[in-house]
Amino acid sequence: MSVQTERQLRRALRFYAAKEHFAVSDHNAWDTVSGEPQNYWCDDAGTAMVEDGSIAAMALRGAQLVFEDDEEPPMCPGEPEHPISPIKEGGA
């Protein structure tokens, strides 16, 4: 992986880890989801559910990401098929 790609991935993860993707106008309209981990939130109308960025923060800390169904998420369109090397702290 190039240094530039590593920086881009780290920047994207920080965006989610900082909860920048989760813009809430009315905090009273959102609550954690019953039966789901505490990092999942849904709106009062039941029209949306969002993960709060905890997964991105765990990845940035180097935590092992293990999901309940243990399936690899599908690749995104345009994502390179080669494996991505681990991101080392302080390297980018």
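Here are a few worked exercises on the predicted model shown above.

The model is predicted, and local features need pLDDT of at least 70, side-chain atom pairs count only at pLDDT 80 or more, while totals for chains, interfaces and linings use all residues. Residues are numbered from 1 along each chain as its sequence is written, and side-chain values use heavy atoms, with hydrogens and water left out.

**Exercise 1. The overall layout**

Work out in which order the elements of the protein run from the N terminus on.

Step 1. Start with the inventory: the protein has two helices and three strands. Both kinds of element are DSSP runs numbered from the N terminus, with helices being H or I of at least four residues and strands E of at least two.

Step 2. Follow the chain from the N terminus, and the elements run α-β-β-β-α.

Step 3. Add two totals. Of the 92 residues, 15% count as buried; buried means under 20% relative accessible area, exposed over 50%, and partly exposed in between, with a 1.4 Å probe and protein chains only. Among contacts with a separation of 6 or more, 42% come from residues 24 or more positions apart, where contact means heavy atoms within 4.5 Å.

**Exercise 2. The sheet**

Find the order of the strands in the sheet and the sense of their pairing.

Step 1. The three strands form an open sheet, ordered β1-β2-β3, with antiparallel pairing. Two strands pair if DSSP finds at least two bridges between them.

Step 2. Look at the edges: β1 (30–32) and β3 (49–51) each pair on one side only. Neighbouring strands are turned by 30° against each other on average, direction ignored; the axes behind this angle are lines fitted to C-alpha atoms, for helices over the stretch in contact, and angles run from 0 to 180 degrees between N-to-C directions.

Step 3. Take the pairs in turn. Three bridges join β1 to β2 (residues 40–43), and Asp 31 has Cys 42 in β2 as its bridge partner. Three bridges also link β2 with β3, where Trp 41 stands opposite Val 50.

Step 4. Finish with the connection: β2 and β3 form a hairpin with five residues between them, and Gly 46 in the turn has a positive phi of about 75°.

**Exercise 3. Two buried acids**

Which side chain of opposite charge is nearest to Glu 51, and which is nearest to Asp 43?

Step 1. Glu 51 is found in β3. This residue is buried yet has no salt bridge, and Lys 19, the nearest side chain of opposite charge, is 7.1 Å away. A salt bridge needs a side-chain nitrogen of Lys or Arg within 4 Å of a carboxyl oxygen of Asp or Glu; Lys and Arg count as positive, Asp and Glu as negative, and His and the chain ends are not counted.

Step 2. See what the side chain of Glu 51 does reach. One of its polar atoms lies 2.7 Å from the backbone nitrogen of Gly 53, and the side chain also reaches the backbone nitrogen of Ile 55 at 3.1 Å. Not counting residues up to four places away in sequence, Glu 51 touches His 21, Asn 39 and Tyr 40.

Step 3. Turn to Asp 43, found in β2. Asp 43 is buried too and lacks a salt bridge, with Lys 19 again the nearest side chain of opposite charge, at 18 Å.

Step 4. The side chains of Asp 43 and Thr 47 are joined by a polar contact of 2.5 Å. Such a contact is a pair of N or O atoms within 3.5 Å; within protein, one must be able to donate a hydrogen and the other to accept it, and residues adjacent in sequence count only if both atoms are side-chain atoms. Beyond four places in sequence, Asp 43 is in contact with Ala 29, Trp 30 and Ala 48.

**Exercise 4. The loop between α1 and β1**

Is Phe 22 buried or exposed?

Step 1. Phe 22 is found in the loop between α1 and β1. Phe 22 counts as buried because its relative accessibility is 16%.

Step 2. List its contacts, not counting residues up to four places away in sequence: Phe 22 touches Trp 30, Trp 41, Val 50 and Asp 52.

Step 3. Compare with Lys 19, found in the loop between α1 and β1. Lys 19 is partly exposed, with a relative accessible area of 38%, and its phi is near 65°, a positive value in a residue other than glycine.
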